[in-house]
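The following exercises are intended for a reader who is meeting this structure for the first time. Each task is followed by a solution in steps.

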Amino acid sequence: MTNTGAARPLRGRREECAALDRVISTVRSGRSQVLVLRGEAGVGKSALLDYVADNAAGSRVLRTAGVESEMELAFAGLQQLCAPLADHSDALPAPQHAAVDTAFGRSAGPAPDRFLVGLAVLSLLASAARDQPLVCLIDDAQWLDRVSIQTLAFVARRLLAEPVALIFAARDGSADESSGLPTLAVGGLRPDDARALLESVIPGRLDERVRDRIVAETRGNPLALLELPRDLSAAELAGGFGRPDSRPLANIEQTFLRRIELLPPQTQRLLLIAAAEPVGDAVLLMRAAQRLGVSLDAGAPAQGAGLIDIDTSVRFRHPLVRSAAYRAADPQQRRAVHQALAEATDPAADPDRRAWHLANAASGPDEQVAAELERSADRAQARGGIASAAAFLERATELTMDPVRRGARALAAAQAKRDAADLDGTDQLLAVAQNAPLDALQRARLVRLHAQIAFAKSRGGDSSMSVSETAVGLLHAAKGLETLDDGLSRETYLEAMGAAMHGGRLCPLGGAVEVAEPARLAPPGPQPPRPIDLLLEGLSARVTDGHAASVATLRNGLTLLREEVGRGGPEVMTWLWLAFPVAQESAVHELWDDDLWHQLATEAVRLARGAGTLAVLPVTLAYRAGVHVQAGELATAAELIAEADAITAATGYVPVKFPALMLSAWRGVEAEAMALIDAAAADATARGDGRLAGSASYATAVLNNGLGRYELARVAAENACDHEDLGLFGWSLVELIEAASRSGGRPVASKALGQLEERTVAGETDWARGIYARSQALLAPDDSAEPLYREAIERLGATKIAVHLARARLIYGEWLRRCNRRADARVQLNEAHEMFTGMGAEAFAERTRRELIATGEKMRKKAGSSGEQLTAQEAQIARLAGEGLTNQEIGAQLFISTHTVEWHLRKVFVKLGITSRRQLRKISWAS
């Protein structure tokens, strides 16, 4: 609808209305706004949404509301909100159009990716807002199905330059994906306003003591103030013999319940039907009512009492009226109503809701209904509604009598809840499965699922077990799957390896060694071997037999994974999820192969971005960011990390922290870096994540080597080297050699050099040889150091590892100055300074600047590059536009609307003083 009027501010809500007026004003000016109204039930959130709807003159208003019984139906809330925008869907790109059609049940197809659905919704809203500002009101957000609230939260975080407002109303204490969005707390009315509201609805005399007690006990809750006095007699209100302090005031829902119980039986029955049918479909209500012999005229008393509106749709005055109407009936009446609704629901048009009503109509176990729920679960999974599938399977389990089927369904439901990240909802299902007569494979899968859930909870800090302890559980699960499902067993071994490597120095029973030894003895798995089989074999060999024994197998595994990622395919995303980030990252770093790293990271991001895979994309973005850090492209790395963080914030996944630590360490802004490092170290200790602890120490070493604080760098590097975190250990040795050689720790540096030699010579790459030559040069006598410095520069110059090439030039220049070869030193130091400055590596740039001054060089402040004027997202959009991508292609890649791309590009053109996209191609975005 389009609003043309204006509403008066609500009583006692001047501040809240003013905030909402600012939202509307900002949207009218062409900028997006997002706001979450949070408060207790009945506090007036819905009234504030009504105020927005009434006051949004000239805007199109869309509304949806969460319904508790609809929480299991994927996309239900989103479909209701977007239904009026169907005429804009034809303008969507084909992948988005297909995704949203499948999600909303308009067509069949494979499970739509949630990012594509989110981008489609973003595009729909942006398209509709081109005609007039768009205001979307989402009431009872805590009861929206998870996919809908997740998608809307994702959209809310991507809105920027569109005249769109998203205003949510959610109860206090509810935890959903809207958490973290801009919030306005809605509390009770002030006493004066509460008293005035109360007196406005009391027709007769109101005793002041009674009034004050009601105000105090309702804590200014407007709905309570309006509803509770209706249940009190005139004598009670006047403070006579029936004063309220003779009995406690009932809560709001009990008040509605008593009012419903006073209605005629047929009216109560009609309210029950409407409460059990949460879509608000008046035609369906009528069909079900006819089956039960209830006339729609029976609704008149409820409408007259202001409890419900029945027109073309059905709407309760308040969600608590719905729940009260449902609670007023006994179980037998509810089952009869659900049976009628199931019979009235078209099995072809809406089979899932029909199955759900049949389930609620069942008075006991019912295999036919349970089987139908299983089919509904399959359809939900095909639409990407994992949470819905879990709910269907859970209810199917409850309706299953046969213990074998009951155990299988409980196990499937638990797995679906785990996939939907509903870890807390799995315990009861696992207990059911545990007590069922499972076969050997099912029992082994149960053990694996227990271990996976424990690991996921530990990664999120929500478990009594540490990250490291969960590796033991995954190891037991992998052993149990041997001979039952060799491929699944090896996948579980790789999961256990990843958990053990995460646990690192904090892992009990020897860490990765405890996984590697049995993994090497496990059955070989499918033939020919998959990438994950080769990775498992290579990592196991690395742990048990050393670096040289693992190189060939790791290289073969990663090469095969790169090829498979390039081809795509149904198993590749599973392999990426298993291989990323620890196993693959560690393997690549063990090989010191920057070309393979670059290619694999690029292909992984391309595949994950193309599929829009919810869980994998942030991991691949963060992994790719690490490539850019080592290439000295710190601004690009920051863009990718920001994008990954935005996605994890919208989805609730655990962010990958290592690239952000590396970025901050190389940038060298001490306060910023140490804040991240300290937070990571504390988090690592709390979760038992030894690899994260090692990463924090490594980042501290890099930071302090850049700052020239070699004693601090040495301590941090020694801490990092206390445990051999694969991949990270070699990098930490490099930092230790430099720090110890500069702080009187030559024996420590010499020992570290020997360890580095073992890990670089076998690699035979320019990165490995260059790093080793540079480290050798730091400890070599003056008469043999120079050839090593030159070799390091030559070899690193042939790689993409620009940060270490710049450092090789820096320490070569420092050595030349100490040899009193100032002119030669200036050549190397100027080159290093230009590189560090261009990268944005402030600490190393300053260290280089000090060396240059010591050579007699007069330093001038370097003018900033064009890209330094831009924000991270502006630079990312400008670079993509310079590469020839259209605005629609950029929007699809970055999950923003085309209009937002246009808005950013206008700012880019102004900042850079250019007038065309062609000019963007001439700008270097390396930094």
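## Exercises on a predicted model

**Exercise 1. Locate Asn820 and determine whether it is buried or exposed.**

Solution. Asn820 belongs to the loop that runs between α41 (802-818) and α42 (822-839). The structure is a predicted model. The relative accessible area of Asn820 is 58%. A residue counts as exposed over 50%, so Asn820 is exposed. As to its backbone, Asn820 is not a glycine, yet its phi is positive, about 65°. For background, most residues other than glycine have a negative phi.

**Exercise 2. Carry out the corresponding analysis for Asp140.**

Solution. Asp140 is placed in the loop between β3 (134-139) and α6 (146-158). Its phi is positive, about 50°, although Asp140 is not a glycine. The relative accessibility of Asp140 is 8%, and therefore this residue counts as buried, the cut-off being under 20%.

**Exercise 3. Find which residues are joined by a cis peptide bond, and state where the proline lies.**

Solution. The bond in question links Gln527 and Pro528, with omega at about -5°. Pro528 sits in the loop between α25 (512-521) and α26 (531-545). In general, most peptide bonds are trans.

**Exercise 4. Compare the expected and actual spans of helices α12 and α31.**

Solution. Begin with α12, which covers residues 265-276. At 1.5 Å a residue, its twelve residues should span 16 Å; the end C-alpha atoms are 16 Å apart, which agrees. Among the buried residues of α12 are Thr267, Leu270 and Ile273.

Turn next to α31, residues 616-630. Its 15 residues should span 21 Å at 1.5 Å a residue, and the distance between its end C-alpha atoms is 22 Å, which agrees. Because 15 of the 15 residues of α31 are buried, this helix is largely enclosed by the rest of the structure. After α31 comes Gly632, which has a positive phi near 80°.

**Exercise 5. Describe how α38 and α39 are arranged, and which residues make their contact.**

Solution. Two packed helices are described by the angle between their axes and the distance between the axes. Helix α38 comprises residues 746-760 and helix α39 residues 766-779; their axes come within 10 Å and cross at roughly 160°. Angles over 145 degrees count as roughly antiparallel, and α38 and α39 are therefore roughly antiparallel to each other. Their crossing is left-handed. On the α38 side, the contact is formed by Arg746, Ala749, Ser750, Leu753, Leu756, Glu757 and Thr760. On the α39 side, it is formed by Ala768, Ile771, Tyr772, Ser775, Gln776 and Leu779. Sorted by character, the residues of this contact comprise seven nonpolar, four polar and two charged.

**Exercise 6. Identify the surroundings of Thr492.**

Solution. Thr492 is part of helix α24, residues 486-503. With a relative accessible area of 0%, Thr492 is buried. Leaving aside residues up to four places away in sequence, Thr492 touches Arg448, Leu474, Ala477, Ala478 and Leu481.

**Exercise 7. Summarise the protein chain as a whole.**

Solution. The protein chain contains 47 helices and seven strands. Of its 927 residues, 57% count as buried. Among contacts between residues at least 6 apart in sequence, 71% join residues at least 24 apart.

Note on methods. Residues numbered from 1 in each chain as written. Predicted model: local features only at pLDDT ≥ 70, side-chain atom pairs only at ≥ 80, totals over all residues. Heavy atoms only, no water. Helix = DSSP H or I, 4+ residues; strand = E, 2+ residues; numbered from the N terminus. Expected span 1.5 Å × (residues − 1). Buried < 20%, exposed > 50% of the residue type's maximum accessible area, 1.4 Å probe, protein only. Axes fitted to C-alpha atoms, helices over the stretch in contact; angles between N-to-C directions. Parallel < 35°, antiparallel > 145°, perpendicular 65-115°, else oblique. Left-handed = near helix turned anticlockwise from the far one by under 90°. Contact = heavy atoms within 4.5 Å. Nonpolar A, V, L, I, M, F, W, Y, C, P; charged D, E, K, R; others polar.
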